Amino acid sequence: MRWLVDAMNVIGSRPDGWWRDREGAGRALLERLESFARRAGDEVTVVFDGRPFDLSPGGAVEVVFAPSADDAIVQALTAESEVASITVVTSDRELAQRARAEGAKVTGAGGFRRRLEES
């Protein structure tokens, strides 16, 4: 299975003070995603909005920075020949509609975050 993760939707799915340290929240998400990808054996791409900041990817997760994570995710879907094998993680209704229109599955950011934290 392949996952395209809207980083800020997952980070923002819980009001845990992430806004005080956005980069720290990004690092924590990446760490959870790395563990998830290794354990599940799935391909994971996480897309952050805005300028790149210092992350230390462990190699199991592809990290993308884009002016618009939503547009970058849809662009990745349109370039893919096997879209049905991809699940987009977002709680953004418009992005979810766009992803489904391309043939991808969609799962909510909050539920996905709980899944990361439980495992």
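The following conversation concerns the interior of a predicted model.

User: Which residues touch the most other members of the largest nonpolar core?

Analyst: The model is a predicted one. Its largest nonpolar core has 22 residues, and those touching the most other members are Val5, Leu29, Leu33, Val44, Val46 and Phe112.

User: And which elements give two or more residues to this core?

Analyst: Two strands and three helices do so: strand 1 (2-6), strand 2 (43-49), helix 1 (7-11), helix 2 (22-40) and helix 5 (109-118). The most comes from helix 2, which gives six residues.

User: Is there a second core, and what does it include?

Analyst: A separate core of 16 residues includes Val47, Leu77, Val88 and Ala96.

User: Back to Val46. What is it in contact with, sequence neighbours aside?

Analyst: Beyond four places in sequence, Val46 is in contact with Val5 and Ala7, with Leu29, Leu30 and Leu33, and with the run Val61, Glu62, Val63 and Val64.

User: Now helix 2. Which of its residues are buried?

Analyst: The buried residues of helix 2 are Gly24, Ala25, Gly26, Leu29, Leu30, Leu33, Glu34, Phe36 and Ala37. They pack against strand 1, helix 1, strand 2, strand 3 (61-66) and helix 5. As a general point, an α-helix has 3.6 residues a turn, so residues three or four places apart point the same way.

User: What span should helix 2 have, and how far apart are its ends?

Analyst: With 19 residues at 1.5 Å a residue, helix 2 should span 27 Å. Its end C-alpha atoms lie 26 Å apart, which agrees with that expectation.

User: What follows helix 2?

Analyst: Gly41 follows helix 2, and its phi is positive, near 75 degrees.

User: Different topic: how many cavities of 30 Å³ or more does the structure hold?

Analyst: The structure holds one such cavity. The largest cavity contains about 40 Å³ of space.

User: What lines the largest cavity?

Analyst: Its lining consists of Arg2, Trp3, Leu4, Glu43, Val44, Thr45 and Ile86. Strand 1 and strand 2 are the elements that give two or more residues to this lining. By character, the lining residues are four nonpolar, one polar and two charged.

User: One last residue, Thr87. Where is it found, and is it buried or exposed?

Analyst: Thr87 is found in strand 4 (residues 86-89). Thr87 counts as buried because its relative accessibility is 5%, and buried means under 20%.

User: Which residues is Thr87 in contact with, again leaving out those within four places?

Analyst: Thr87 is in contact with Met1, Arg2, Trp3 and Leu4, and also with Lys105, Val106 and Thr107.

Terms used. Residues numbered from 1 in each chain as written. Predicted model: local features only at pLDDT ≥ 70, side-chain atom pairs only at ≥ 80, totals over all residues. Heavy atoms only, no water. Helix = DSSP H or I, 4+ residues; strand = E, 2+ residues; numbered from the N terminus. Buried < 20%, exposed > 50% of the residue type's maximum accessible area, 1.4 Å probe, protein only. Contact = heavy atoms within 4.5 Å. Core = buried A, V, L, I, M, F, W, Y, C linked by side-chain atoms within 4.5 Å. Expected span 1.5 Å × (residues − 1). 1 Å grid on protein atoms, 1.4 Å probe; cavity = no way out; pocket = protein on both sides within 12 Å on 5 of 7 lines; lining within 4 Å. Points joined across faces, edges and corners; volume = space filled by probe spheres on them. Nonpolar A, V, L, I, M, F, W, Y, C, P; charged D, E, K, R; others polar.
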